[in-house]
Amino acid sequence: MEYRIEGKPLPVVICQLSAGETMITERGSMSWMSPNMKMETTSNGGLGKALGRMFAGEALFQNRYTAQGGPGMIAFASSFPGDIRAFEIGPGRELVVQKSGFLASEETVNLSVFFQKKVGAGLFGGEGFIMQKLSGQGIAFTEFDGFVMEYDLAPGQSMVVDTGYLAAMDATCSMEIQTVPGVKNMMFGGEGIFNTVVTGPGRVYLQTMPISNVAGAIRPFIPTGK
């Protein structure tokens, strides 16, 4: 499989497949393709994995696209202004991404649920509670909101991230949802109630424009029906 990413800030990844090659995507992610791409809807691993994807904010079923009778082409466009990133997934190179961050991958990449440690706090932690883990072997494409900043954390080094800004991290990193200290800070600080603390070793990918923040910013300007 060969690919190229075009069109920032509204990017698309265009993939060229050899005959018989297959890609997996979430429902509705395909933008355009050559006529010889055959689509098949599948649970991709059975009911257990399908339910796991649902809890991670993804669809119960996934679509498989296979090039038949010769080379094929398929494109996946981002659903929001931002960035599409390609990651080479393999043993020791697993990736944890925000829910709904998975765009498409080769069929040899596995998608599963990643739970952070403190479930009690995480139940109220928004984006930080349930994320997705990409494992297996192959290339995976993710979509992030806005510009992406990367930081390499040393073992034991931590970074505090406002909930929703954590786009992805190496699976070697750990994360924890913590409450903002002090009732006054929670009530009047304007930064919400929870923060995500990411600890290395590994690389962290932070996005500058979480779609949830954009929705909150424009909500006061949307007329309400009466």
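pLDDT is the predictor's confidence in each residue, from 0 to 100, and contact here means heavy atoms within 4.5 Å. This is a predicted model, where local features need pLDDT of at least 70 and side-chain atom pairs count only at pLDDT 80 or more, while totals for chains, interfaces and linings use all residues. Residues are numbered from 1 along each chain as its sequence is written, and side-chain values use heavy atoms, with hydrogens and water left out.

**View 1. Two stretches where pLDDT stays under 50.** Across the chain, mean pLDDT is 83, with 77% of residues at 70 or more. Over residues 119-128 it stays under 50, and the model has 22 contacts beyond four places in sequence for them. Residues 183-190 also stay under 50, with 7 such contacts.

**View 2. Thr 142 and its surroundings.** Thr 142 sits in strand S13, residues 138-145 (strands are DSSP E runs of at least two residues, numbered from the N terminus). With a relative accessible area of 0%, Thr 142 is buried (under 20%, using a 1.4 Å probe and protein chains only). Beyond its neighbours within four places in sequence, Thr 142 touches several residues, among them Asp 83, Arg 85, Phe 87, Val 97 and Leu 134.

**View 3. Phe 87 meets Tyr 205 edge-to-face.** The model has 3 aromatic pairs (Phe, Tyr or Trp rings, the six-membered one for Trp, with centres within 6.5 Å; edge-to-face means planes over 60 degrees apart). Here the centres are 5.3 Å apart, with 90° between the planes. Phe 87 belongs to strand S8 (residues 82-89) and Tyr 205 to strand S19 (residues 202-207), so the pair ties together parts 118 residues apart in sequence. Both residues are buried.

**View 4. One aromatic cluster.** Phe 144 joins Phe 87 and Tyr 205 in this cluster.

Terms used
Helix = DSSP H or I, 4+ residues; strand = E, 2+ residues; numbered from the N terminus. Buried < 20%, exposed > 50% of the residue type's maximum accessible area, 1.4 Å probe, protein only. Phe/Tyr/Trp six-rings, centres within 6.5 Å; stacked < 30°, edge-to-face > 60°.
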